[in-house]
Amino acid sequence: MNVSPKLCYNMFWKIHSCIMTSVRESGEVGLGTLLDGINGPQDLKSLSLGQLEKLAGEIRELLIHTVSANGGHLAPNLGVVELTLALHRTFNSPNDKFIWDVGHQAYVHKILTGRRRQFSTLRQTGGISGFPKRCESQHDVFGVGHSSTSISSALGVALARDMSGDTYNVIGIIGDGSLTGGQAYEALNHAGHLNINLTVVLNDNEMSIAKNVGAMSEYLAKLRTAPTYSKVKHDIEYLLRRIPAIGESVAKTAERVKDSLKYLLVPGMLFEELGFTYFGPIDGHNIPLILDVLDKTKSIKGPVLIHLLTQKGKGYAPAECNADKFHGVGPFCIDTGEIIKNGGAPSYTQVFGDTLVKLAEQNPDIVAITAAMPEGTGLKKFSARFPERFFDVGIAEQHAVTLAAGMATQGKRPVVAVYSTFLQRGYDQILHDVCLQNLPVIFMLDRAGIVGEDGATHHGVFDYSFLRHIPNMVMMAPKDENELRHMLYTATQLNGPVAIRYPRGSGVGAESKPDFTQLELGKSEELLLGKDLVLLAIGTMAAACCQAAALLAPKGIEAGVVNARFVKPLDGQLIRRLARDKGVIITVEDNVLAGGFGSAVLEYINAQQLNWVKVLRLGLPDKYIEHGPRNYLLSRHGLDPQGIAASAEAFIRQFGVRK
Ligand SMILES: Cc1ncc(C[n+]2csc(CCOP(=O)(O)OP(=O)(O)O)c2C)c(N)n1
Ligand SMILES: CC(=O)[C@@H](O)[C@H](O)COP(=O)(O)O
Ligand SMILES: [Mg+2]
């Protein structure tokens with residue numbers, strides 16, 4: 001009988017799932033196993049190679065089991081199991097310092113550094129974070145969540161080490177996707193120049209979240225198929241030493257010979273040219289091989305780059321086949337790999353993506369730009385429909401912004417779709433390259449407000465504050481997914497920079513008609529009338545405010561609700577009227593209070609000398625918000641209907657109701 005490898009693999013996977021199901025049912029994942037004996041990295045030192053390989057399997061089971069329940073970054077972690085084991089086996093953390101790029105692949109590191117028993121709390125309220133965090137463990141040397149920082153921070157640690165006369169090892173671990181970010185090159189440039197002792201491990205799985213893009217990615221692919229440079233170096237040295245009589249002296253000049261030969265044998269040794277000693281490419285799932293190369297590179301002076309080839313999702317068939325889907329995933333069924341869906345209305349992301357395609361069908365100047373997140377930002381459809389008008393620039397938000405500015409000077413209508421938190425990278429480019437020249441670039445800020453389980457590094461709670469003060473910028477936030485459509489349409493009709501911010505996840509199920517309405521610039525929408533106070537809401541806070549008003553009514557408080565729509569320009573006319581008629585304004589936003597929407601309203605009231613108005617600002621405090629479910633975090637910060645109603649009631653009781 002002829003059995004295809006794919007069929008074999010599927011059969012293996014079925015048997016494996018059955019075993020896993022019974023293990024899960026007995027509630028024994030990772031207990032009574034090798035993993036159970038790992039209380040810290042020191043416990044790895046005595047394990048045999050066979051045991052390390054068995055441990056790798058147990059870690060994979062634990063990863064799959066935990067992420068299937070809590071959600072998280074499964075595929076990146078499955079890909080670095082062997083690498084992380086080898087790192088902790090070779091080096092001595094926390095004396096030696098590991099610095100992870102993005103940090104979404106540091107689960108194995110967490111498991112091996114004393115957090116195995118807390119691992120079931122991953123990404124949950126009060127539980128361990130999905131990213132390295134200095135306050136969580138001394139093994140987490142550098143906090144992270146945004147990409148391409150590892151070489152910079154590792155270099156900083158290495159420089160500090162040398163200044164203090166210490167001798168520990170510093171190892172930065174960066175993925176091929178993160179190597180598309182400009183900061184990584186700034187750091188390579190600096191490290192190569194300093195000739196400092198520093199190890200960079202490049203974990204190359206040919207994937208960012210989506211397939212990796214760019215010339216560097218193509219260069220890595222060339223290295224992948226070229227003869228192993230480290231092997232070539234070794235072989236040349238070996239051969240030269242074996243030449244009778246002259247062997248030793250020739251071997252002494254081997255360094256020079258190798259230097260000339262390497263150009264012939266391996267095209268464009270970019271990393272070596274930058275001052276790094278390059279090792280690779282090496283199979284990143286072969287523990288003895290990784291141990292060997294780590295051991296060898298330990299004694300090399302100057303910066304070293306070890307290029308490992310890994311497979312994202314390794315060991316779990318659904319993640320191997322769909323590495324992008326399992327990059328960051330919600331709870332899923334282990335046996336089938338199916339994501340457990342909440343159902344509900346289409347997400348803001350989807351509505352944006354569909355709307356952009358519609359608008360682009362009518363306007364050939366519309367182009368779309370993503371920084372390595374075509375799926376997450378909803379641009380997948382656009383990329384399929386208009387491949388020549390779609391640009392994935394890699395993890396390069398700064399470049400994305402200035403690229404858009406350049407296109408806008410030539411009459412294009414660039415739409416930069418980006419997560420709010422990652423646009424923080426492009427602040428100067430927005431200010432200096434886009435707004436100063438008043439260029440019509442549209443910024444679509446997804447994942448604005450509280451994002452949930454990714455936590456402090458990912459909440460998009462600063463965007464009102466870092467965008468609204470920039471001259472020429474128009475900033476809007478829709479109350480629902482249907483309004484998002486009209487806002488995007490409106491943005492295409494304006495002739496300057498526009499930012500629109502909206503949250504992660506489902507819309508409210510708002511009905512949408514096929515036509516578009518151009519919204520009046522700086523005009524808000526009165527949703528509910530109420531004589532005692534007004535809840536002046538921005539974005540999705542409008543719905544919470546309507547519910548809060550309903551909670552206040554039985555208490556004899558008549559609250560009006562306004563959907564502000566614009567953070568900039570503000571609806572000054574409305575604010576003056578509210579000040580005159582009600583005298584109590586409560587602003588509500590899911591942004592930090594500092595410099596946010598409420599601050600804008602206060603500035604306006606001050607500028608107009610409407611001094612009698614009582615203003616309460618509800619929003620997020622001047623601190624980083626931890627990880628946890630989005631609704632829980634909103635309620636914890638008083639931004640759910642109950643919280644808003646309670647604050648409004650207390651405020652009105654303190655300042656009285658104007659009759
Ligand atoms: C500045 C910034 N932009 C975007 C992201 C979103 N993001 C997280 S991981 C990732 C891909 C990283 O790819 P790579 O470094 O190769 O890691 P892999 O997941 O492949 O192991 C992206 C785009 C981010 N974390 N930071
Ligand atoms: C690590 C990272 O930055 C992304 O993977 C992020 O976690 C994606 O989040 P979403 O699930 O909101 O797309
Ligand atoms: Mg990668």
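Student: How far does a polar side-chain atom of His-73 lie from an oxygen atom of ligand 2?

Tutor: This is a predicted model, in which local features need pLDDT of at least 70, side-chain atom pairs count only at pLDDT 80 or more, and totals for chains, interfaces and linings use all residues. Residues are numbered from 1 along each chain as its sequence is written, chains are lettered from A and ligands numbered from 1 in the order in which they are written, and side-chain values use heavy atoms, leaving out hydrogens and water. A pair of N or O atoms counts as a polar contact within 3.5 Å. For His-73 and ligand 2, the distance is 2.9 Å.

Student: What percentage of the area that ligand 2 exposes when taken alone does the protein bury?

Tutor: Ligand 2 has an oxygen atom 2.6 Å from an N or O atom in the side chain of Tyr-419, and another polar pair joins an oxygen atom of the ligand to Arg-504 at 2.8 Å. Taken alone, ligand 2 exposes 360 Å² (Shrake-Rupley method, 1.4 Å probe). The part of this area buried by the protein is 87%.

Student: How many residues in the shell around ligand 2 are charged?

Tutor: The residues surrounding ligand 2, each with a heavy atom within 4 Å of it, include Val-102, Phe-131, Asp-454 and Arg-447. Ala, Val, Leu, Ile, Met, Phe, Trp, Tyr, Cys and Pro count as nonpolar, Asp, Glu, Lys and Arg as charged, and the others, Gly among them, as polar. By these classes five residues are nonpolar and four polar, and the number that are charged is three.

Student: What percentage of the accessible area of ligand 1 does the protein cover?

Tutor: Among the 23 residues around ligand 1, those that come nearest include His-104 and Ser-178. Side-chain polar atoms lie 2.7 Å from a ligand oxygen for His-104, 2.6 Å for Ser-178 and 2.9 Å for Asn-205. On its own, ligand 1 has 580 Å² of accessible area, and the protein covers 98%.

Student: How many residues in the shell around ligand 1 are polar?

Tutor: The shell also holds eight nonpolar and four charged residues. The polar residues number eleven.

Student: Why is helix α4 described as largely enclosed?

Tutor: Helices (H or I, at least four residues) are DSSP runs numbered from the N terminus, and α4 spans residues 81–90. A residue is buried when its relative accessible area is under 20%; in α4 the buried residues include Val-81, Leu-85 and Thr-90. The helix is largely enclosed by the rest of the structure because the buried residues number nine of the ten.

Student: Within what arc do the buried residues of helix α19 fall?

Tutor: Helix α19 covers residues 427–435, and its buried residues are Gln-429, Ile-430, Asp-433, Val-434 and Cys-435. Seen down the helix axis, they line one face of α19, since the arc (of directions from the axis to the C-beta atoms) that holds them is 155 degrees.

Student: Is Thr-199 buried or exposed, and what is its relative accessible area?

Tutor: Thr-199 stands in strand β3 (residues 198–204; strands are E runs of at least two). Beyond its neighbours within four places in sequence, Thr-199 has contacts (heavy atoms within 4.5 Å) with residues including Val-170, Gly-172 and Ile-306. Thr-199 is buried, and its relative accessible area is 10%.

Student: What percentage of the residues in the chain is buried?

Tutor: The chain has 26 helices and 17 strands. Of its 659 residues, the buried ones make up 57%.

Methods. Buried < 20%, exposed > 50% of the residue type's maximum accessible area, 1.4 Å probe, protein only. Polar contact = N/O pair within 3.5 Å; in protein donor to acceptor, adjacent residues only side chain to side chain.
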